[in-house]
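Colleague: I am new to this structure and would like a close look at a single part of it. Could you take me through the disulfide and its surroundings?

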Amino acid sequence: MAALALGLVGTAMVVTPSSTAGAATATLVVDYTCNGGIAGTGSGTVNLRTRLTVPTTLNVGDPLNVEWKLNYKDATRLGSPAYMPNGGRIDVTGRANISGSWIGQLQPKGTVDQSGPMDKGTPLNLPVGISDFGHTDRAGTVTVRPGNTLFVDFRPAASEVMVNDDDPAITYSGGWEDKDGLPFEDHDYHLDLHRTTVKDAWASYTFKGTGIEYVAQKDRDAGPIEIAIDGQAATPPRVDPSRNADGTLVNDAHKGGQTLWKFHGLKYEQHTITIKNVEDAKLGQLDAFRVITRDLVNSPKEYRAECTLANAPGAIQVEIGGGGDNPASPSPDSSPDTSPSASASASVSPSASPTDDNPGDESPSPSPSATPSPSPSASPSPAAVQTQNYVVTAVVTQGSPSPTATRTVTLTATPSVAQVAITPQGGAQTGEAPERVSFSGMLLIGSGGALLLIGMLSGVALLRRRAAHSGERG
């Protein structure tokens, strides 16, 4: 089976490279049924009708675009999973399976923001479409089928939510008093709070978020409050509204709306905070809780709706042409031929073959097909002579080439006669004596005699001149 030849590139929105202008396309109607997550907080079961569009004819190098239009099939809708003061985001991920000449999968994706605030169950909007594309690198035929599953995820937006002390989701033990209509100048949230003077009286609240803050009055008559998260002592485990940070007694009375304690960095999931009055006859108070949700990298798993294929949409066949010009799959003749004969360049040494059954059994000499003799009419160019000189020198000085050298230096392009053609006679590589020029022995003797005769005649002439000169003086 051929390896996957499509480079899979994810896209966040619908924007993808365009297919070849005028390319034919085909569309499938694909129905899905969604359950769980935001389907359960909406209509329970939600029906989608989608349209998958794929080009049917491409050339090598064109992107294989997979585009998916999304719609609700009927009146059923996905719903907000909870109260979302700032809305959230819908992420949809599909699957397009590739088979035929290549095997693989594309993952079309799309995103759309949901404006807030939204109550639990508020209908959610789908992205207009999702898309992905793959790169084609050679000719072939592939079949595109929609996957059996499509996922719809909801990601809450970052937010802060104030939960007032009289919220029905807050549970109180006995001994608490609900104080309403407090003076405006006290700055209590909603001008009310719960108060107790009973030791160990507690209040509890379950929330979903990444942080929680405790809001109450600073008051010299207040007592310490112990705080626990999910049944364990929090950090810090208690706070004293009657004391400053340095431990000194505050001068305030009924200074409301103060954030006395906070804890951030929780995992986005359900948590429970519990506060407890520590001392008898001391004021324990609760004005509000502030729930924090930071920006989430991933959507919570419990908000995911899983949609399964509800019909038999069929498949789309894509023809990819133009593979003969593709450099990724060259023919044996596509590279420049540097050998003296075409048959030499077509030969492949068995030691370099990918089908070698014994890769560890390497012969110290190349196979006969790896060193073909050149045709008599071959006349290597100067560039070829330089290449031959390098290859032959390497072979002669290093001995028979190892299989590794056979793979690295293609001996099929090197004629065996090169070492005679390029090595001068008398060189160290040939083992021959240098050529000598032949001269005639008689010619050497005659030349020497002539030089001797000239010297003698010159000596006699000199003596006669000296004698004549002496007679003139006498």
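Modeller: Happy to! One term is needed at the start: a residue counts as buried when its relative accessible area is under 20%. By that cut-off, buried residues make up 36% of the 474 residues in the protein chain. Please keep in mind that this is a predicted model. The chain holds 5 helices and 24 strands.

Now to the part you asked for. Searching the whole structure turns up 1 disulfide, and its partners are C34 and C307. A disulfide is a covalent bond between the sulfur atoms of two cysteines. Here the sulfur atoms of C34 and C307 are 1.9 Å apart. The link is right-handed, with 105 degrees about the S-S bond. C34 belongs to strand β2 (residues 25–35) and C307 to strand β23 (residues 305–309), so the bond ties together parts that are 273 residues apart in sequence. Both C34 and C307 are buried.

That long reach in sequence has a counterpart in the chain's contacts. Among contacts with a separation of 6 or more, 79% are between residues 24 or more positions apart.

A good next stop is L48, which is in contact with both C34 and C307. Leaving aside neighbours within four places in sequence, the other contacts of L48 include V30, Y32, L126 and L150, along with D31, N71, Y72 and K73. L48 is also one of the residues with the most contacts inside the largest nonpolar core, together with I38, L78 and V152. This core has 41 residues, and strand β5 (residues 63–72) gives the most to it, with 5 residues. In soluble globular proteins, nonpolar side chains tend to be buried together. A second, separate core has 24 residues, among them I170, F207, I212 and A234.

F207 leads us on to one more feature, since you are looking around for the first time. F207 is among the residues that lie nearest the centre of the largest pocket, as are A82, Y83, Y205 and K208. This pocket has a volume of about 500 Å³ and is lined by 22 residues. Of its lining residues, 14 are nonpolar, 6 polar and 2 charged. Strand β17 (202–218) supplies at least two of them, as do β13 (159–164), β20 (255–277) and β22 (288–293). The largest share, 4 residues, comes from β17.

So, to retrace the path: the C34 and C307 pair links β2 with β23, and L48 touches both cysteines while also being among the best-connected residues of the largest nonpolar core.

Terms used: Residues numbered from 1 in each chain as written. Predicted model: local features only at pLDDT ≥ 70, side-chain atom pairs only at ≥ 80, totals over all residues. Heavy atoms only, no water. Disulfide = S-S within 2.5 Å. Helix = DSSP H or I, 4+ residues; strand = E, 2+ residues; numbered from the N terminus. Buried < 20%, exposed > 50% of the residue type's maximum accessible area, 1.4 Å probe, protein only. Core = buried A, V, L, I, M, F, W, Y, C linked by side-chain atoms within 4.5 Å. Contact = heavy atoms within 4.5 Å. 1 Å grid on protein atoms, 1.4 Å probe; cavity = no way out; pocket = protein on both sides within 12 Å on 5 of 7 lines; lining within 4 Å. Points joined across faces, edges and corners; volume = space filled by probe spheres on them. Nonpolar A, V, L, I, M, F, W, Y, C, P; charged D, E, K, R; others polar.
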